Amino acid sequence: MRGMRRLRSLALGIVILAGLAAIWMSRDIARHHYVGGEDPFGATMAPMSAGGPLLVDSLRSGGEAEQAGLRVGDRIDVVDSRRPRSTRDVEKAFAAHHRVSLQVRRGGRTVALTVTSHRS
């Protein structure tokens with residue numbers, strides 16, 4: 001009888017841990033997304049902290065972000081003269097303008113970049 005209780009407790013613990021892991025993974029996946037939903041910018045980024053700068057996770061080969069000189073690991077501090085609070089701020093700027101200016105931190109220095117949309 002004791003063995004069955006221990007087995008049930010162990011199974012319940014495993015189910016709880018698996019559920020927590022699934023929640024953590026979905027949270028992590030949700031915060032990494034392509035800007036604009038359809039990847040018009042050509043970069044995947046995530047906030048480094050709540051309301052903080054954005055970290056570039058990946059670039060689409062040949063995308064606007066890569067062509068502008070953005071690199072994986074860059075920290076985006078300023079988008080069109082404003083501090084981005086979320087990836088949504090970059091989406092809005094890119095949707096509203098043909099050219100978007102960025103200030104990024106790379107290797108301890110600030111780099112100014114301009115991303116130009118090739119869509120009409």
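Contact here means heavy atoms within 4.5 Å. The model is predicted, so that local features need pLDDT of at least 70 and side-chain atom pairs count only at pLDDT 80 or more, while totals for chains, interfaces and linings use all residues. Residues are numbered from 1 along each chain as its sequence is written, and side-chain values use heavy atoms, with hydrogens and water left out.

**Exercise 1.** Determine which residues of strand 5 make up its covered face and which its uncovered face.

*Solution.* Strands are DSSP runs of E with at least two residues, numbered from the N terminus. In a regular strand, side chains alternate between the two faces of the sheet. Strand 5 covers residues 99-106, with V100, L102, V104 and R106 on the covered face and R99, S101, Q103 and R105 on the uncovered one.

**Exercise 2.** Describe how strand 5 pairs with strand 4 and with strand 6.

*Solution.* Two strands pair if DSSP finds at least two bridges between them. Strand 4 (residues 75-79) runs antiparallel to strand 5 and is joined to it by four bridges, with I76 bridged to V104. Strand 6 (residues 109-116) is also antiparallel to strand 5, over eight bridges, and R109 is the bridge partner of R106. Two residues lie between the strands of this hairpin, where G107 takes a positive phi near 55°.

**Exercise 3.** Establish whether R106 is buried or exposed, and what surrounds R106.

*Solution.* Buried means under 20% relative accessible area, exposed over 50%, and partly exposed in between, with a 1.4 Å probe and protein chains only. R106 has a relative accessible area of 13% and is therefore buried. Not counting residues up to four places away in sequence, R106 touches G69, L70, R71, D74, V111 and L113.
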